[in-house]
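Reader: I'd like to practise reading a strand and its surroundings. Can we go through one together?

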Amino acid sequence: MQHAPKEALTTAQLAALTLGAIGIVYGDIGTSPLYALKEAFIHGHMSVTPENIYGILSMIFWTFTVVVSLKYVTLILRADNNGEGGLIAMLALASTAVADRPAVRARLLAVGIFGTAIFFGDGVITPAISVLSAVEGMVVAAPQLQSYVIPVTLIVLTLLFAVQKHGTAGIGKFFGPITLVWFIVLALLGGVHVLRNPAVLEAISPHHALGFMYHHPKMAFVALGAVILCATGAEALYADMGHFGKKPIRLAWFGLVMPSLVLNYFGQGAMLLAHPENVNNPFYEMAPHWALYPLIILATFATVIASQALITAAFSVTKQVIQLGYLPRLRILHTSINETGQIYIPFVNWSLYACIVLAVALFGSSSRLAAAYGITVTIDMLITTVLTFFVIRFAWKLTLPLCIMATGFFLFIDIMFFSANVIKIFDGGWFPLLIGGVMFMLMMTWKNGRALLSERLRDDSIDLQPFLEAVFSSPPTRVSGTAVFLNADAGTTPNALLHNLKHNKVLHEQNLFVTVKSHEVPWIGFKDRVEVQSLGNDCWQVMLHYGFKNEPDVPQALKLLKQHGVTLEDMETSYFLSRDIVIPTLGSGMAPWREKLFASMHRNASGAADFLSLPANRVIEMGSKVEI
């Protein structure tokens with residue numbers, strides 16, 4: 001996907017980026033009218049009275065205004081990390097801002113990584129509830145089709161995940177236009193009913209929401225757990241900022257998305273005022289009978305697009321987390337020659353699919369899935385607000401009272417929504433929390449295991465400079481070509497070099513000791529990519545720097561050495577890797593079960609050669625056993 005141009009946008013560029021944002025950014029939040037309002041009444045066990053309808057509509061309108069418009073569009077879009085957004089970019093920004101406070105930084109990293117882990121729980125529920133709620137329209141059109149809802153849902157989801165390996169470059173261009181049509185239909189559907197009962201627009205006044213909460217506090221508190229469903233997907237505004245830029249995202253929200261959503265929700269409310277018996281599926285009940293099947297088809301397309309955006313985000317987030325060192329390397333395939341961001345991770349794809357199929361089979365309806373939805377969304381919203389405080393306080397250097405005022409209000413709102421969803425944990429909220437918890441455990445086990453492994457390797461390592469001096473005091477036979485030794489810890493002697501000297505008893509004409517380092521910034525340009533230090537005797541220590549959104553490509557980066565006087569011939573360059581076999585032992589490391597888990601993750605990790613884009617026919621791997 002193209003990144004938003006940094007210079008002033010032309011009208012054509014702005015229109016194209018805005019259309020793209022409508023298709024990618026707003027797919028999730030755009031499909032919420034399928035289920036959010038009905039869940040407020042069904043989950044809250046509320047009677048469909050005018051007072052309750054006005055109260056819920058008012059809460060929905062002010063959720064859009066406060067959570068989306070003020071918090072995300074106005075405040076959080078300002079907190080970009082070199083133009084990039086998303087929880088990982090925010091985490092990197094916040095952790096860098098408190099780099100001089102190690103204890104605070106460690107806690108922030110743990111909180112941020114937990115939020116990232118929870119995202120995967122949300123990634124299971126969103127496609128399941130979206131597609132299921134779209135297909136449930138069949139029951140409104142023909143009640144006898146009830147038994148076909150789950151099979152059709154599973155067929156749609158299976159096709160969606162099956163085509164992932166082919167990428168979305170070909171069909172992605174249709175996402176914007178289809179979603180644009182979807183929002184226009186949302187506005188038309190709701191607008192017709194609003195025109196029939198324009199008094200429903202009175203719900204825009206906050207006194208309806210406040211009055212509802214004052215007179216029915218318990219009912220309003222429970223309803224909050226369903227009302228937040230209207231804002232699921234708000235995180236995408238920030239996460240996709242790097243692709244589209246702030247202006248197109250804001251223009252799409254205020255110019256089309258929010259007006260369409262408000263019209264649709266208020267239209268559903270206007271219809272319920274006249275026909276309260278339609279509360280089981282007010283979205284489809286708004287449509288005339290002749291339009292039901294076309295609407296079901298359009299809704300299914302819209303939910304598939306929303307699900308696609310989330311699957312793509314899952315691939316992207318996984319890759320970033322791998323580069324930050326919180327997950328083992330996985331097999332990553334590129335599905336587009338032109339777009340480096342178009343990737344496919346088979347393990348993530350089919351793991352998500354398996355969990356989504358389990359969710360559909362386990363819960364069986366969008367209403368039951370709605371109970372599982374919301375908890376992960378509100379946790380991520382809460383974490384984003386906390387990280388924002390540290391960004392504006394320590395990176396922007398704003399005064400403490402201003403920072404507390406700016407984030408304290410949103411924190412209170414987030415806590416209210418989160419608390420309302422906590423009561424749904426036993427009704428289904430446990431499911432995404434379980435997925436998020438397992439992901440967090442895996443991520444922290446990998447991070448801690450890597451730290452233990454690095455510590456053990458350092459303890460057993462030999463300093464590189466003295467070792468080379470000893471080697472060249474009685475030099476071995478030199479052979480033509482260049483040897484590139486990949487080494488995780490700069491300044492130490494790679495095991496691959498020790499094995500090469502021990503078994504082959506030769507040294508190449510040129511020797512590069514290369515360490516690849518990922519930083520907590522999204523992008524690092526070519527001018528800052530390479531650091532070189534001469535070690536004498538045609539040996540060099542090379543440090544390659546990448547951001548967590550860069551594509552690691554070691555051969556390409558090493559071409560930059562030419563400006564430092566180091567020339568590499570492609571066909572005469574060999575890459576030596578050390579492949580460590582982890583042996584769990586009893587000791588002061590992690591719990592035995594976590595050490596065994598780490599050893600298994602390490603053993604099954606994808607090869608470094610693929611991840612670093614090394615040519616397969618010029619890679620030599622040498623193994624060694626390491627006890628942790």
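Reader: Is strand β6 buried or exposed, taken over its residues?

Author: Buried means under 20% relative accessible area. This is a predicted model, and in it β6 covers residues 539–547. Of those 9 residues, 8 are buried, so the strand is largely enclosed by the rest of the structure.

Reader: Which way does β4 run relative to β6, parallel or antiparallel?

Author: Parallel: β4 (residues 506–519) is joined to β6 by 9 bridges. To see one of them, go to Ser 518, whose bridge partner in β6 is Tyr 546.

Reader: And how many bridges join β5 to β6?

Author: There are 6, and here the two strands run antiparallel. β5 spans residues 530–536. Try Glu 531, which has Met 543 as its bridge partner in β6.

Reader: How many residues sit between β5 and β6 in their hairpin?

Author: Just 2. Have a look at Asn 537 in that turn, with its positive phi of about 55°.

Reader: What about side chains along a strand?

Author: In a regular strand they alternate between the two faces of the sheet.

Reader: Back to β4, then. Is Glu 509 buried, partly exposed or exposed?

Author: Glu 509, which belongs to β4, has a relative accessible area of 45%, so we call Glu 509 partly exposed.

Reader: Which residues gather with Glu 509 in a patch of negative charge?

Author: Asp 538, Glu 569, Asp 570 and Glu 572 join Glu 509 in that patch on the surface.

Terms used. Residues numbered from 1 in each chain as written. Predicted model: local features only at pLDDT ≥ 70, side-chain atom pairs only at ≥ 80, totals over all residues. Heavy atoms only, no water. Buried < 20%, exposed > 50% of the residue type's maximum accessible area, 1.4 Å probe, protein only. Helix = DSSP H or I, 4+ residues; strand = E, 2+ residues; numbered from the N terminus. Pairing = 2+ DSSP bridges. Patch = residues over 30% accessible without salt bridge, like charges linked within 9 Å, V, L, I, M, F, W, Y side chains within 5 Å. Areas by Shrake-Rupley, 256 points an atom, 1.4 Å probe, with all protein chains shown as cover. Salt bridge = Lys/Arg side-chain N within 4 Å of Asp/Glu carboxyl O. Lys, Arg positive; Asp, Glu negative; His and termini not counted. Charge placed at Lys NZ, Arg CZ, Asp CG, Glu CD.
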